[in-house]
Amino acid sequence: MTATIAKIIWLIGGLAWFALRFTPRERSRMGLGIMPFVYVVAHFPRFADYPLNPVQAYLGIAVEVCCLWLFYRSHHDLGHNWSVSLDLRERHTLVTTGVYARVRHPMYAGFWLMAFGQVLLLPNWVAGPAGLIGFGILFFGRVAREEAMMITAFGDEYRAYMRRTARVVPWLY
């Protein structure tokens, strides 16, 4: 395993995630991917590089595969309830089956996995953790608003769902 192969695997994982996440008509910014993309394409910033450990890269591949599976299952289980924005539709239903039976926010769990995979696959002290920092800011600024919206929409049904599931990581958080 070389740093170049690890970068290519990260890029393929990102493209596969994008294909799973968005249909051609939907538009979204991949802001959290800009720094790692610049690193993979232009090898900037070089000063922050470190040697890639093959075990680290193989673990990164496993994390990326788990991330993609979780995104696929999340979208599949949500069906018509999925939307790129933080809103509820007219006939929105509370999904509590599939991966949603264990965690309330499996897509966010997928983002965390993607960010950890990035740390493992990109041997650079800036580009590697950029996803953890960027997504962490997004997550902690958004998840409380999302849960408040779900409580407003579904009331006691969502409160009961909150009591029996974890937010992102089963049995932990």
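**Helix α5 and its surroundings**

The elements that cover the buried residues of helix α5 include α2 (34-42), α4 (106-121) and α6 (156-164). The model is predicted, and this account starts from α5 before turning to the chain as a whole.

Helix α5 runs over residues 127-154. Its 28 residues reach 40 Å from the first C-alpha to the last, close to the 40 Å expected at 1.5 Å a residue. The helix nevertheless has a kink of about 30 degrees, centred on R142. Just after α5 comes G155, with a positive phi of about 55 degrees.

The buried residues of α5 are A127, G128, A130, G131, F135, G136, F139, V143, E146, E147, M150 and F154. In an α-helix there are 3.6 residues a turn, so residues three or four places apart point the same way. Such spacing can be followed through part of the list, including F135, F139, V143, E147 and M150.

A127 lies in helix α5 and has a relative accessible area of 0%, so A127 counts as buried. Apart from neighbours within four places in sequence, A127 is in contact with M35, P36, Y39, Q118 and L122. The C-alpha atom of A127 is also 7.9 Å from that of P45, although these two residues are 82 residues apart along the chain.

F140, another residue of α5, is exposed because its relative accessible area is 56%, over the 50% cut-off. Together with V169, L172 and Y173, F140 makes a nonpolar surface patch of about 440 Å².

Charged residues come next. The structure holds 5 salt bridges. One of them involves E147, which is listed among the buried residues of α5: R104 pairs with E147, the closest N and O atoms being 2.7 Å apart. R104 lies in the loop between α3 and α4 and E147 in helix α5, so this pair ties together parts that are 43 residues apart in sequence. R104 counts as buried at 11% relative accessibility, and E147 counts as buried at 3%.

E147 also meets R167 in a salt bridge, at 2.8 Å from N to O. Since R167 lies in the segment after α6 and E147 in helix α5, the pair ties together parts that are 20 residues apart in sequence. R104, E147 and R167 are thus linked in a network of salt bridges.

A further salt bridge joins D77 and R73, whose closest N and O atoms are 2.5 Å apart. Both residues belong to helix α3 (residues 54-78), and because they are 4 residues apart there, about one helical turn separates them. D77 counts as buried, at 15% relative accessibility, while R73 counts as partly exposed, at 23%.

The last step is the whole chain. Its secondary structure comes to 6 helices and 0 strands, which gives the pattern α-α-α-α-α-α along the sequence. Of the 173 residues in the protein chain, 43% are buried. Among contacts between residues at least 6 apart in sequence, 77% join residues at least 24 apart. The contact of A127 with M35 is one example of residues brought together from separate parts of the chain. The protein chain exposes about 9,900 Å², and carbon and sulfur atoms supply 66% of that area.

Technical notes
Residues numbered from 1 in each chain as written. Predicted model: local features only at pLDDT ≥ 70, side-chain atom pairs only at ≥ 80, totals over all residues. Heavy atoms only, no water. Helix = DSSP H or I, 4+ residues; strand = E, 2+ residues; numbered from the N terminus. Expected span 1.5 Å × (residues − 1). Bend = angle between axes of the 7 residues up to and from the residue. Buried < 20%, exposed > 50% of the residue type's maximum accessible area, 1.4 Å probe, protein only. Contact = heavy atoms within 4.5 Å. Patch = residues over 30% accessible without salt bridge, like charges linked within 9 Å, V, L, I, M, F, W, Y side chains within 5 Å. Areas by Shrake-Rupley, 256 points an atom, 1.4 Å probe, with all protein chains shown as cover. Salt bridge = Lys/Arg side-chain N within 4 Å of Asp/Glu carboxyl O.
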